[in-house]
Amino acid sequence: MSALSVVSLIPKPRPDIRATGFAVTPEQWATLASFDARDSCKLRHRERLVLRNIVEPIDAVTAPWPDGQRTAPRNLLLRLMSRRQVPFWEWDEATWTGLCSHDGEVPVTQRFAVIALAKLLCDQPRLHVRAGVVQLHRLADLMFGAARVRATVDEVIGVLRSWGAYRDAQKWQISNAALDVILTTGSPSLRDATYEQLVELAAEYPPRTARRQGIFKVSRVLAHWSVIPQALTNNHHRQGHRQTTLASVPDEWLSWAQRWRALATQEPSTVRVMFSIILVAGRWVADKHPDKISPQMWTRDMAAEYVADTMTAVVGQWAGHNTNRTNFGKRLGASGVANRIDALRGFFCDLIEWEWIKPRFDPRRVLSSPVSVRAKLGPNPRIIDDAAWAKLMAAGLTLNVEDLAEYGTAVAREAGNTQTYYPIEMMRALVGVWLFGALRIDEIRRLEADCVIWDTGRDPDSGEEFQVCLLRVPPNKTSGAFNKPVDPVVGQLIEAWKLVRPPQPLIPDRKTGQPKEHLFCHRGLLIGRAYLNDYIIPALCRKAGIPESDSRGALTSHRARATIATQLLNAREPLALTDLQQWLGHKHPASTRHYAQILQRTLTTAYKKADYFTRNLRTIQVLLDRDSITSGAAANGTPWKYYDLGDGYCSYDFFAKCPHRLSCARCPFYLPKQSSTGQIIAVRDGIDRMLETIDLTDDERAALEGDREALEALAQRLADTPTPAGPTPRDLGTADAFIPLTSLLDSLNNSPTEPQ
């Protein structure tokens with residue numbers, strides 16, 4: 001960062017010697033030379049009169065200083081000015097740095113005073129950093145007074161301490177950061193700092209340095225005081241695409257893409273992903289059609305060509321600058337192909353709808369994902385194995401301090417004064433919400449402090465009352481805020497955390513923009529987005545003795561959502577799909593199907609219970625007359641096969657095809673058991689008994705399953721259907737005289753032997 005950019009942000013101190021606009025006269029130069037030559041520590045009256053317009057501003061700013069610290073730095077400044085023959089208010093930052101550095105011309109005893117004069121009179125806001133000043137409090141005390149400086153630092157530390165900041169960091173990290181801010185702004189009050197100044201200060205220090213982290217913490221306090229609109233973040237300097245990424249896109253296409261991004265109304269994360277893919281399309285068109293870069297020049301053929309090339313594209317093709325080269329050269333997966341096509345379709349649809357270009361083709365048809373691609377994108381929830389999930393739950397519900405990594409400075413570690421990065425109560429509440437809530441990580445981070453609602457329910461069977469814990473989920477990407485029932489252990493863990501939770505500042509909600517008190521907030525900062533995945537879940541895996549990944553990939557926070565949804569769908573008394581949709585907070589049932597699936601064992605059990613095959617078949621006892629068969633009488637028409645119908649026999653050979661078989665019309669083929677022929681068959685030698693399986697129609701199955709009305713209706717419909725002997729039941733006068741169903745059940749369902 002240049003010195004001029006910093007100076008432009010710093011209010012000019014008073015008095016400003018550069019604002020006088022005078023030039024040093026020859027008499028003044030001669031007086032300065034005479035004063036330097038005689039090496040005196042005191043200005044004579046005549047010299048003071050000649051140098052009045054130079055000396056008075058110096059005396060004005062040093063008036064509050066102790067008596068013994070005012071004269072020497074002023075005289076040193078006059079001598080240095082005389083030796084360089086350049087007014088000190090015209091010295092640049094390099095000159096001041098050379099003079100005030102450790103090996104410069106300014107003695108060590110005068111460094112702080114000279115640097116203070118440079119900052120107060122000549123707008124050198126970062127000279128204390130350029131000159132390598134370590135003891136910032138000495139310089140700040142000299143410039144603003146020890147009492148005012150201490151009050152400013154104590155105020156910041158007091159706020160951060162109330163939020164749970166570490167005491168070790170308060171002594172040096174936060175104090176030095178606050179001093180750095182007031183020395184840069186030239187004001188003893190932090191409330192005079194601006195957001196732009198803090199951004200530039202943070203940019204001067206490398207990532208993960210103490211000074212940078214301290215400036216972030218000070219910015220949280222200033223945001224809490226409404227001095228700046230928002231606190232600084234670690235990735236503030238990473239916002240937006242790299243210049244190397246943008247440079248590989250044609251300027252004309254890039255201007256269209258950036259114009260679209262400025263007005264896009266999708267989720268910020270969605271806009272970022274779409275913008276990257278739109279840049280991919282820009283590199284493609286520059287490669288394939290360099291004479292038709294503008295979106296308004298695209299034709300239907302170009303769009304179809306883009307889809308065809310995307311179907312065979314590989315990872316990294318037209319991707320521009322990308323440091324992640326893990327899968328470079330591999331064919332794009334189905335989701336990658338669909339994303340590239342869908343993002344460009346959305347881009348062109350917006351351009352046409354906003355009337356930026358005239359439609360030359362219908363992007364909804366031409367830029368739609370092919371059926372072959374969509375077929376590969378079916379629901380595939382990445383659930384965690386039941387055994388592994390049970391171990392994770394056991395580890396999470398018994399989480400202790402020993403299971404988490406220690407945190408503390410090197411000095412604190414040596415002294416044995418270490419602790420976890422977050423309080424253990426907060427971690428237990430976080431793990432409880434993850435194990436039972438099935439929430440997205442963004443929803444977990446944005447839970448409010450009063451997200452638990454207690455209620456009482458009543459069992460409809462026993463009438464016993466039970467405790468109900470409702471978790472209020474914040475607005476998400478598909479729905480507004482809603483309440484969902486969770487296990488009471490979640491509410492108990494949250495209440496335990498709230499008992500020890502220090503007060504926290506109100507932080508604007510990412511979705512609504514409204515300041516809210518977030519549950520998982522500590523030291524004035526929301527819990528990190530990756531903390532659960534990078535620290536807590538690995539710790540739970542170590543405690544549970546399971547690997548951090550399985551055949552479906554790493555165990556992440558989002559996989560718990562699919563695991564819980566699948567278990568609820570496959571429970572002994574499962575949630576209906578619509579209930580599960582509401583519980584997960586989905587807008588469409590199709591989204592729920594991507595998180596829950598019917599397990600193979602559940603599907604197998606349900607299929608077995610459905611009894612699909614046997615419910616359409618029934619076995620019936622059959623009597624075979626072996627003598628009629630061996631004697632040849634069967635060939636002459638003598639009955640040889642008798643179907644046991646309960647109170648009689650049917651001698652029709654093709655009984656399985658008879659429409660009257662379950663409402664027998666007592667045709668000539670029917671032999672009552674009480675008749676002489678029926679009694680002879682029952683006791684006759686040479687009769688073999690067997691079982692035969694018959695197929696049932698829907699009406700017959702309904703009748704056998706106990707529907708008396710269905711059987712009567714069946715008999716009525718068959719009243720005019722010919723029997724195997726020829727006449728209809730109405731002709732025989734037996735339309736209402738069918739065999740009772742209760743008589744058939746014994747034969748059809750309780751046969752003692754297996755079918756042959």
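The following questions and answers concern a predicted model of one protein chain.

Me: How many helices and strands does the secondary structure of the protein chain come to?
Reply: The protein chain has 756 residues, of which 45% count as buried. Among its contacts with a separation of 6 or more, 64% are between residues 24 or more positions apart. The secondary structure comes to 36 helices and 14 strands.

Me: What share of the exposed area of the protein chain do carbon and sulfur atoms supply?
Reply: The area that the protein chain exposes is about 38600 Å². The part supplied by carbon and sulfur atoms is 51%.

Me: Which helix gives the most to the largest nonpolar core?
Reply: The largest nonpolar core has 72 residues, and M81, F88 and W96 have the most contacts inside it. With ten residues, the helix that gives the most to this core is α7, residues 111-122. Apart from this core lies another of 58 residues, which includes A395, F436, W497 and L540. The helix asked for is therefore α7.

Me: Which residues does W96 touch, not counting those up to four places away in sequence?
Reply: W96 is one of the residues with the most contacts inside the largest nonpolar core. Leaving out residues up to four places away in sequence, the residues that W96 touches are L77, F88, W91, V114, A118, C122, Q124 and L127.

Me: How many of the 14 residues of α5 are buried?
Reply: Helix α5 covers residues 71-84 and reaches 20 Å from its first C-alpha to its last, close to the 20 Å expected at 1.5 Å a residue. Its buried residues are P73, R74, N75, L76, L77, L78, R79, L80, M81 and S82. The helix is mostly covered, and the number of buried residues is ten.

Me: What covers the buried residues of α5?
Reply: The buried residues of α5 include L76, L77, L78 and L80. What covers the buried residues includes α2 (26-37), α3 (45-50), α4 (52-62), α6 (93-100) and α7.

Me: Which residue just after α5 takes a positive phi?
Reply: Helix α5 spans residues 71-84. Just after this helix, a positive phi of about 55° is taken by Q85.

Me: Why does R79 count as buried?
Reply: R79 lies in helix α5. Leaving aside neighbours within four places in sequence, R79 is in contact with F35, D36, D39, S40 and C41. R79 and S34 are 45 residues apart in sequence, and their C-alpha atoms are 9.7 Å apart in space. Buried means under 20% relative accessible area, so R79 counts as buried because its relative accessibility is 9%.

Me: In what order do the three strands of the open sheet stand?
Reply: The edge strands are β1 (452-458) and β3 (482-486), each of which pairs on one side only. The twist from one strand to the next averages 40°. The pairing is antiparallel, and the order is β1-β2-β3.

Me: How many bridges join β1 to β2?
Reply: β1 and β2 form a hairpin with six residues between them, and G463 in the turn has a positive phi of about 80°. I453 has L470 in β2 as its bridge partner. The two strands run antiparallel, and the number of bridges is seven.

Me: Over how many bridges do β2 and β3 pair?
Reply: The bridge partner of V473 in β3 is F482. L471 stands opposite K484 in β3. Strand β2 (residues 465-473) pairs with β3 in the antiparallel sense, and the number of bridges is five.

Me: Is W318 buried or exposed?
Reply: The place of W318 is the loop between α17 (300-311) and α18 (334-353). W318 has a positive phi of about 65° although it is not a glycine. Buried means under 20% relative accessible area. W318 has 15% relative accessibility and therefore counts as buried.

Me: What is the relative accessibility at which R523 counts as buried?
Reply: R523 lies in the loop between β6 (521-522) and β7 (525-526). Although R523 is not a glycine, it has a positive phi of about 60°. R523 counts as buried because its relative accessibility is 9%.

Conventions: Residues numbered from 1 in each chain as written. Predicted model: local features only at pLDDT ≥ 70, side-chain atom pairs only at ≥ 80, totals over all residues. Heavy atoms only, no water. Core = buried A, V, L, I, M, F, W, Y, C linked by side-chain atoms within 4.5 Å. Buried < 20%, exposed > 50% of the residue type's maximum accessible area, 1.4 Å probe, protein only. Helix = DSSP H or I, 4+ residues; strand = E, 2+ residues; numbered from the N terminus. Contact = heavy atoms within 4.5 Å. Pairing = 2+ DSSP bridges. Axes fitted to C-alpha atoms, helices over the stretch in contact; angles between N-to-C directions. Areas by Shrake-Rupley, 256 points an atom, 1.4 Å probe, with all protein chains shown as cover. Expected span 1.5 Å × (residues − 1).
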